[in-house]
Amino acid sequence: KTVIIKQHENKEESIKEAAKILKTVLKKGDIILTKPRLNSIKLKIRHIPSFIISKLSRGITHSCLYLGKGYVLEIGSTIHDPRIKKFKLENLLRSKISLFKGVTVYVVQPKHYQNRHRKLVLDVAINNFLKKSKSLVFSYFNMFKLWMRLIFKFNKFSRKEKLIFKNDWNCSELVAYTLKKAGIKIGSRKTKFFLPATFAFSKHFKTKKKVILK
């Protein structure tokens, strides 16, 4: 399940190689997680938000949904572009490599996930997010609230969570909302308490592939 790719002098070749491997296992509605290589003080200081998330989320800092045909539903790929958008997989890898020099990518899916579930997830992703993307943004304040809830151990679970569509999102909440809105069984954890690592380590999900670009 794990593939290690050593970066070539031409980084584009490494990115294309990683994307090709990922596309062999990716299906519409799969979850893509990224774990940046934060192995120097300089990188940690330069990317403090990612460093904080990595400490709370077992190193995994970002999540997004695969839409098929080489595209992902992406939010907040850079601080200068916090919008929700349809983004090429290669561009996702390229942005992570340019920021962190190295990255680990996980392909994850819910354990109970059939083709009909995937279609429902895509319907929510397209109609609830892509079609309304001009009014939706990534929220660092939203992430700050999540950190506070986790630090002070507020209630993470709810049997009857009311799913509310809003204008500001973080990446893991967006993915969790989409899955729950589509009726996928991913546990009773509230969507606002999902971290990127939740999709990798929760009993309700399974990892299909792990690609390390170093």
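The count of salt bridges in this predicted model comes to 6. One of them joins the side chains of Glu 12 and Arg 94, with N and O 2.8 Å apart. Glu 12 belongs to helix α1 (residues 11-23) and Arg 94 to helix α4 (residues 89-100), so this salt bridge ties together parts that lie 82 residues apart in sequence. Glu 12 is partly exposed, at 29% relative accessibility. Arg 94 is also partly exposed, at 29%.

Another salt bridge is formed by the side chains of Lys 208 and Asp 30, at 2.7 Å from N to O. This pair links distant parts of the chain: Lys 208 sits in strand β9 (residues 205-213), Asp 30 sits in the loop between α1 and β2 (31-36), and 178 residues separate them. Are these two residues buried or exposed? Both Lys 208 and Asp 30 are buried. A further salt bridge pairs Glu 173 with Lys 166, where the closest N and O atoms are 2.8 Å apart. Here Glu 173 is buried, because its relative accessible area of 5% is under the 20% limit. Lys 166, at 24% relative accessibility, counts as partly exposed. Some salt bridges share partners, and in this way Asp 30, Arg 118 and Lys 208 are joined into one network.

The next topic is the sheet. In it, 7 strands form an open arrangement in the order β1-β9-β6-β2-β3-β4-β5, with mixed pairing. The edge strands are β1 (2-5) and β5 (84-88), each of which pairs on one side only. From one strand to the next, the twist averages 30 degrees. Strands of a sheet pair through backbone hydrogen bonds, and the pairing may be parallel or antiparallel.

Strand β2 gives two examples of the antiparallel sense. It pairs with β3 over 4 bridges, and 6 bridges join it to β6. Thr 34 can be followed in both directions: it stands opposite His 62 in β3 and opposite Val 105 in β6. Of the 6 residues of β2, 5 are buried, so this strand is largely enclosed by the rest of the structure. Towards the β5 edge, β4 and β5 pair in the antiparallel sense over 5 bridges. There, Tyr 71 has Lys 88 of β5 as its bridge partner.

Two helices that pack on the sheet can be described together. Helix α4 touches β2, β3, β4, β5, β6 and β9, and its direction makes about 95 degrees with that of β5. Helix α7 also packs on the sheet and touches β2, β3, β4, β5, β6 and β9; its direction makes about 45 degrees with that of β3. Helix α4 has 12 residues and spans 17 Å from its first C-alpha to its last, close to the expected 16 Å. Which residues of α4 are buried? They are Leu 89, Glu 90, Leu 92, Leu 93, Ser 95, Lys 96, Ile 97 and Phe 100. Just after this helix, Lys 101 takes a positive phi of about 75 degrees.

Nonpolar side chains form cores in the model. The largest nonpolar core has 33 residues, and Ile 31, Leu 179 and Phe 199 have the most contacts inside it. At least two residues of this core come from each of β2, β3 (62-68), β4 (71-75), β6 (103-110), α5 (115-130), α7 (171-181) and α8 (198-201). Which of these elements gives the most? It is α7, with 6 residues. Neighbours within four places in sequence aside, Ile 31 is in contact with several residues, including Cys 64, Leu 65, Tyr 106, Val 175, Leu 179 and Phe 199. A second, separate core of 21 residues includes Ile 15, Tyr 66, Val 103 and Val 105.

A last residue to look at is Lys 210, which lies in strand β9. Lys 210 is partly exposed, with a relative accessible area of 26%. Leaving aside neighbours within four places in sequence, its contacts are Lys 1, Thr 2, Val 3, Thr 104, Val 105 and Tyr 106. Lys 210 and Leu 33 are 177 residues apart in sequence, while their C-alpha atoms are 9.4 Å apart in space.

Note on methods. Residues numbered from 1 in each chain as written. Predicted model: local features only at pLDDT ≥ 70, side-chain atom pairs only at ≥ 80, totals over all residues. Heavy atoms only, no water. Salt bridge = Lys/Arg side-chain N within 4 Å of Asp/Glu carboxyl O. Buried < 20%, exposed > 50% of the residue type's maximum accessible area, 1.4 Å probe, protein only. Core = buried A, V, L, I, M, F, W, Y, C linked by side-chain atoms within 4.5 Å. Contact = heavy atoms within 4.5 Å. Pairing = 2+ DSSP bridges. Axes fitted to C-alpha atoms, helices over the stretch in contact; angles between N-to-C directions. Expected span 1.5 Å × (residues − 1).
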